[in-house]
Amino acid sequence: MHLTDVIPWGRSLAEYQAMFSLSQEDLNKKRILGCGDGPASFNAEATAQGGRVISADPIYAFSRQQIESRILESYSTIVAQLASHQADYIWDLMQSAENVGRQRMQAMNRFLADYDIGKHQERYVEAALPTLPFESKSFDLALCSHFLFLYSSQVALKAHLEGAREMCRVAAEVRIYPLVAMEGGLSPHLPAVMDALQAEGIQTNLAPVSYRFQKGATQMLVLRRQ
Ligand SMILES: C[S@@+](CC[C@H](N)C(=O)[O-])C[C@H]1O[C@@H](n2cnc3c(N)ncnc32)[C@H](O)[C@@H]1O
């Protein structure tokens with residue numbers, strides 16, 4: 001993987017709580033895997049509160065300095081893109097593209113400050129879906145924020161299905177958000193992924209969440225092994 005292929009953009013624990021309806025009990029008691037956590041501060045913040053979180057992402061092949069440089073070089077382009085696509089987002093909470101940028105940078109700085117120690121503690125694990133280097137049933141909950149379904153044009157249906165199946169192998173429950181594609185509208189892969197997993201005996205549900213930013217992104221997909 002080339003770091004230049006990645007759009008480094010990291011969300012906070014509060015955003016993960018809202019995107020995935022995470023309860024305090026989820027955070028305190030469950031062994032959680034974050035797939036594609038990238039430079040989010042979810043792991044750093046949840047760990048500081050006593051949570052047990054492992055993040056898996058291909059960018060953890062790179063050093064803190066390399067990830068930080070990539071964040072700094074792409075930051076203004078991402079904020080400009082957000083500003084030019086204002087109509088695709090709900091601005092009640094975030095207010096402006098510059099404010100989103102500041103919040104994301106705060107989260108990414110929190111991640112960067114935790115990265116070396118977290119890698120040493122094996123909380124940041126280099127891995128890419130659809131292959132996770134974990135034993136079956138190692139986690140109570142696996143989360144995937146802003147990777148599957150969002151990148152529906154870049155990631156094929158087969159990769160979505162294999163990725164979701166792999167998360168179900170390692171975790172009793174999987175939550176994926178958002179379900180809308182980058183271009184807007186529900187991901188075209190969603191119905192086929194749900195049908196195929198149901199046929200394999202995995203319980204699939206759409207559940208409302210409180211997080212609001214991308215228009216139409218009001219639900220998460222919940223998968224449970226039966
Ligand atoms: C837009 S970022 C989202 C980061 C974080 N989850 C969040 O919501 O703030 C997408 C992440 O997906 C990661 N990614 C790309 N390909 C992946 C794969 N095959 N498996 C897991 N993660 C992948 C990227 O490295 C990047 O960190």
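A polar contact is a pair of N or O atoms within 3.5 Å; within protein, one of the two must be able to donate a hydrogen and the other to accept it, and residues adjacent in sequence count only if both atoms are side-chain atoms. The structure is a predicted model, in which local features need pLDDT of at least 70 and side-chain atom pairs count only at pLDDT 80 or more, while totals for chains, interfaces and linings use all residues. Residues are numbered from 1 along each chain as its sequence is written, and side-chain values use heavy atoms, with hydrogens and water left out.

The ligand is surrounded by 19 residues, of which the closest are Arg11, Gly36, Asp57, Leu129 and Ser145 (a residue is near a molecule if one of its heavy atoms lies within 4 Å of it). By class, this shell holds 11 nonpolar, 5 polar and 3 charged residues, where Ala, Val, Leu, Ile, Met, Phe, Trp, Tyr, Cys and Pro count as nonpolar, Asp, Glu, Lys and Arg as charged, and the others, Gly among them, as polar.

Polar contacts to the ligand come from both side chain and backbone: a polar side-chain atom of Tyr16 lies 3.0 Å from a ligand nitrogen, a backbone N or O atom of Gly36 lies 2.7 Å from a ligand nitrogen, and a polar side-chain atom of Asp57 lies 2.6 Å from a ligand oxygen.

Elsewhere in the chain, Ser152 is found in the loop between β4 (139-145) and α6 (157-170), helices (H or I, at least four residues) and strands (E, at least two) being DSSP runs numbered from the N terminus. The C-alpha atoms of Ser152 and Met182, 30 residues apart along the chain, are separated by 7.5 Å.
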